[in-house]
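User: I would like to go through the ligand site of this model. Please keep the answers short and end each on the value or name asked for.

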Amino acid sequence: MVKIFLDTANVSEVKYAADIGLIEGCTTNPTLIMKEGRDYNETLVEICNIVNGPVSAETVALDAEGMVREGEAFAKLHKNIIIKVPMTQQGMKACRLLTAKGIRVNVTLCFQANQALLAAKAGAFIISPFIGRLDDISQDGMQLIRDIRQIYDNYGFGTQILAASIRHPIHVLESAKAGANIATLPFKVWEQLFQHPLTDKGIKQFLDDWEKVPKKK
Ligand code: E4P
């Protein structure tokens, strides 16, 4: 089943989606927390206390030792935290080291299927192919999801495929059809999943007709 995560560091958005009950995890990154203008750790803890699922916290060190140090500190904040490391050689080393310590890793900034193969070999819990950013440069982001699905299925890798950099509901639909395990959505796209003009039109018509139904006092 495809899980729905929110791609945000905005606590109000997380609260809202959690209240509706349709959010199974959350992804954050330095850009998203920069937009909030808040302390990262404090925000992560607040999100973890709302979301009953993995919450990704991203490291910024470029060397494996630094990533491990940052990852261990994040992991101490809450049991829901999982650690994002970039898809680099040092990132793969950090992935292996953190995984060996029992800390779950989300390998981020994946743009080709070979990178996903390496991340799975390094023990990644999640791989994050960025489909929107590939579409932006006229490459087929969705084909990347299909390729990774095929490779993981061929060899029985348990690494979960998280469709990231999602721009619109069609990305969500196609990711689910391609067998992604998770889709992480900006709040706007999460809201769009619920909507259809015929739903609104239908509700209005039912309410208008209900007004015309004779009712006993
Ligand atoms: C995923 O974990 C990333 O935070 C995110 O999806 C990046 O998306 P963007 O390309 O919209 O920045």
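User: Which helices each supply at least two residues of the lining of the largest pocket?

Analyst: The model is a predicted one. The lining of the largest pocket takes at least two residues from each of two helices. These are helix 2 (30-36) and helix 10 (187-192).

User: Which helix gives the most to that lining of the largest pocket?

Analyst: The lining of the largest pocket is made up of 25 residues. Four residues come from the helix that gives the most, which is helix 2.

User: What is the volume of the largest pocket, and what takes up its space?

Analyst: The volume of the largest pocket is about 410 Å³. The space of this pocket is taken by the ligand.

User: Which lining residues lie nearest the centre of the largest pocket?

Analyst: By class, the lining has eight nonpolar, nine polar and eight charged residues. Nearest the centre are Asp-7, Asn-29, Leu-32, Lys-35 and Pro-186.

User: How many residues of each class are in the shell around the ligand?

Analyst: The residues around the ligand are Asp-7, Thr-27, Asn-29, Lys-84, Phe-130, Arg-133, Ala-164, Ser-165 and Arg-167. Sorted by class, the shell has two nonpolar, three polar and four charged residues.

User: How far is a polar side-chain atom of Ser-165 from an oxygen atom of the ligand, and what share of the ligand's accessible area does the protein cover?

Analyst: Asp-7 has a polar side-chain atom 2.7 Å from a ligand oxygen, and Asn-29 places one at 2.7 Å from a ligand oxygen. For Ser-165 the distance is 2.7 Å. On its own the ligand has 340 Å² of accessible area, and the share covered by the protein is 85%.

Conventions. Residues are numbered from 1 along each chain as its sequence is written. This is a predicted model: local features need pLDDT of at least 70, side-chain atom pairs count only at pLDDT 80 or more; totals for chains, interfaces and linings use all residues. Side-chain values use heavy atoms; hydrogens and water are left out. A residue is near a molecule or strand if one of its heavy atoms lies within 4 Å of it. A polar contact is a pair of N or O atoms within 3.5 Å; within protein, one must be able to donate a hydrogen and the other to accept it, and residues adjacent in sequence count only if both atoms are side-chain atoms. Accessible areas come from the Shrake-Rupley method with a 1.4 Å probe; for residues, only the protein chains shown count as cover. On a 1 Å grid over the protein atoms alone, a cavity is a set of points where a 1.4 Å probe fits but cannot get out, and a pocket is an open set with protein on both sides within 12 Å along at least five of seven lines; lining residues have an atom within 4 Å of a point. A molecule sits in a cavity or pocket if more than half of its atoms lie within 2 Å of its grid points. Ala, Val, Leu, Ile, Met, Phe, Trp, Tyr, Cys and Pro count as nonpolar, Asp, Glu, Lys and Arg as charged, and the others, Gly among them, as polar. Grid points are joined across faces, edges and corners, and a volume is the space filled by probe spheres set on the points.
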